[in-house]
Number of protein chains: 2
Amino acid sequence: MTAFEKALDFFRAPNNRLFLIATHVTPEGDALGSSIALAYALRQLGKNAMVYDRDGVPDYCKFLPGAGEVKKTLPQDYSEAVLVLVDCGHPDRAGLEGKSFHKTVVIDHHETDLFYGDVNWTEPDASAAGMLVFRLIKALGVALTKEIAVNLYTAIMTDTGSFRYQNTTPEALGMASELVHAGAEPAAIADHIYNSWTAARFRLLCMALGTFQMKDGVAMMHISKDMFRSTGTGIEDAENFTAYPRMLKDVEVSALLLELEDSIKVSLRSKGDTDVRQIAARLGGGGHKRAAGCKLKMSLNEARDVILKEILATR
Amino acid sequence: MTAFEKALDFFRAPNNRLFLIATHVTPEGDALGSSIALAYALRQLGKNAMVYDRDGVPDYCKFLPGAGEVKKTLPQDYSEAVLVLVDCGHPDRAGLEGKSFHKTVVIDHHETDLFYGDVNWTEPDASAAGMLVFRLIKALGVALTKEIAVNLYTAIMTDTGSFRYQNTTPEALGMASELVHAGAEPAAIADHIYNSWTAARFRLLCMALGTFQMKDGVAMMHISKDMFRSTGTGIEDAENFTAYPRMLKDVEVSALLLELEDSIKVSLRSKGDTDVRQIAARLGGGGHKRAAGCKLKMSLNEARDVILKEILATR
């Protein structure tokens, strides 16, 4: 019996308990879309389901049908509930450390060697948790309502980078096709996810791009404390700014330096063969070959010099 | 008999003439991808096919299989050839004014009331010309080779804005799914199309964003002659810069002003209900409700004032 079949059996079996669907902290489109879609599906099967996220729904995901019903607090009798972890492999990732539940089911697509839970259905090859929920919904014979379609389309679109990442498989695109047929509107969803920047965040981007420098395939950008202060933004607003130097044909490595209160946070990205994990590791950080980072206890100017020197020494 | 059936019959019939496939001037991914894919398909049917474009292949499209065989000059005996216009409805759009051919077939998805050609297959509902070529190829029984798949995927991805525009239909996504299955690599293609900026163009963007100002839902940006000069860029490098203010949640209308030698080129974009065509029309320009433009004979500063005043007066 495969893990998928075990999960199917579990959801098919009569069960009057609460299905407490929880996803990881600081959730994004895939975490929320797949969790909410699963709640709709289980309710169609007559089950009692709710979605929990410790951090709640970020503004740009509030358009998701059902987003208003996502709870930031656990119900009193949570220990009697079935916990369904979606898009995360362990209760700790959902901020549920030390809590116990009647049973736990895991539906995840992150690489793991934990295999936590009474039923653990993990498929690292799936591009998004939303794809697993899609498969489940189909196999359970649940109707693909517009509410479910919008949630699952958002999930798959988010985790494939609007169908631009390596994980954009025929299955991901085929499901997207079916979800649009079922009522998901790609342009409206993309506007919510990608075109909902605050003016403050956009000003921060403009300032950061103003510091852009490039030499020998190395792109450098930074954000000073002053820039954060004058725009009224924080470190979370700079998320994904590393995508901009990536647009350049001749950039091999890019570095974004953020000046925090007491250190410099460095994000390194590689488009080519340079292993930025090595660079980060030498400076006390870590990550992957193409995306890594570290923190440096020095001034912004010193950090720029150190980083540039380390990158040039590695290539 | 539908136009599609007429086109099918035409391509099925034995024909030893040259099939001269031509697309519009300043071609992009859909124009080139659909034209080249059609050439591969016709050759599979034993026909003699070539692709012509007056302006040739822009750098970011040179990765397309077959791009190297696109000609910028007509063969001597062109008047004996069958002209197949792809992604354009009239020879003028392809820079073929005043030329005559044995027969002309049009395969296009732009709205028209001309219906030029011996066979005219125009489907304004299709998201991309590449979708029409895909349908044709399927109906003709041509094998979906990797070469064809890469070209058609590029075509559909380009014209749907990486599956973010209103025209992202279930059919477009379904075809994309099949094309990836046939060997198209979404991430590699997206890198070629979206992440191949020159450093000069990127510097121009940084400078343009440095001029960003927003008030009451109106975003303004400009590029001065000096900025073009100091980055060594031209007006074509500023293409699609209007996409950036669109990222803002609260932007209703955005204006990009380019200072040319003797005038200011204004691009207006609307995200909401404001009809920018009206504004452009009052200033001697034109366009659509959500994308319009005009040229003003005045200084950059004067133009900024005029545009802002007109936008505020319209809302």
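**Exercise 1. The α7 pair across the chains**

Find which residues of α7(A) and α7(B) meet in this predicted model, and describe how the two helices cross.

*Solution.*
Step 1. List the residues. C206(A), L209(A) and G210(A) of α7(A) meet C206(B), L209(B) and G210(B) of α7(B).
Step 2. Sort them by class. Four are nonpolar and two are polar, with no charged residues in this contact.
Step 3. Take the axes. Those of α7(A), residues 199–210, and α7(B) come within 9 Å. They cross at roughly 135 degrees.
Step 4. Name the arrangement. Angles over 145 degrees count as roughly antiparallel, and 65 to 115 as roughly perpendicular. The α7(A)/α7(B) angle therefore makes the two helices oblique to each other.
Step 5. Give the hand. α7(A) and α7(B) cross in a left-handed sense.

**Exercise 2. The side of chain B that touches chain A**

State how many residues of chain B are in contact with chain A, and which elements supply them.

*Solution.*
Step 1. Count both sides. Contacts link 34 residues of chain B to 34 residues of chain A.
Step 2. Assign elements. In chain B, α5 (170–181), α6 (186–194) and α7 (199–210) each give two or more residues to the side that touches chain A.
Step 3. Rank them. α5(B) provides the largest share, seven residues.
Step 4. Classify. This side of chain B holds 19 nonpolar, 11 polar and four charged residues.

**Exercise 3. The symmetry of the two copies**

Determine what turn and what shift lay chain B on chain A, and name the relation.

*Solution.*
Step 1. Recall the general form. Two copies of a chain are related by a rotation about an axis and a shift along it.
Step 2. Insert the values. Chain B goes onto chain A by a turn of 180 degrees and a shift of 0.0 Å along the axis, with an RMSD of 0.3 Å.
Step 3. Conclude. This turn and shift are therefore the relation of a two-fold axis.
Step 4. Compare the surfaces. Of the contact residues of chain B, 100% recur in chain A, and the same surface serves both copies.

**Exercise 4. Helix packing on α4(A)**

Describe how α2(A) and α3(A) each cross α4(A), and which residues make the contacts.

*Solution.*
Step 1. Start with α2(A), residues 29–44, and α4(A), residues 146–159. Their axes come within 7 Å and cross at roughly 155 degrees.
Step 2. Name the arrangement. α2(A) and α4(A) are therefore roughly antiparallel. Their crossing is left-handed.
Step 3. Find the residues. α2(A) contributes G29(A), D30(A), G33(A), S34(A), I36(A), A37(A), Y40(A) and A41(A). Residues from α4(A) include E147(A), I148(A), N151(A) and L152(A).
Step 4. Classify. The α2(A)/α4(A) contact has eight nonpolar, six polar and three charged residues.
Step 5. Turn to α3(A), residues 129–140. Its axis and that of α4(A) come within 7 Å and cross at roughly 145 degrees.
Step 6. Find the residues. A129(A), G130(A), M131(A), V133(A), F134(A) and I137(A) of α3(A) contact I148(A), L152(A), A155(A) and I156(A) of α4(A).
Step 7. Classify. The α3(A)/α4(A) contact has nine nonpolar residues, one polar and no charged.

**Exercise 5. The domains of chain A**

Give the domain bounds of chain A and how far apart the domain centres lie.

*Solution.*
Step 1. Read the assignment. Domain 1 covers 3–194 and domain 2 covers 200–314.
Step 2. Take the C-alpha centres. Those of domain 1 and domain 2 of chain A lie 33 Å apart.

Technical notes
Residues numbered from 1 in each chain as written. Chains lettered and ligands numbered in written order. Predicted model: local features only at pLDDT ≥ 70, side-chain atom pairs only at ≥ 80, totals over all residues. Contact = placed C-beta atoms within 7 Å. Helix = DSSP H or I, 4+ residues; strand = E, 2+ residues; numbered from the N terminus. Nonpolar A, V, L, I, M, F, W, Y, C, P; charged D, E, K, R; others polar. Axes fitted to C-alpha atoms, helices over the stretch in contact; angles between N-to-C directions. Parallel < 35°, antiparallel > 145°, perpendicular 65-115°, else oblique. Left-handed = near helix turned anticlockwise from the far one by under 90°. Least-squares fit on C-alpha atoms with pLDDT ≥ 70 in both. Domains from an automatic or database assignment.
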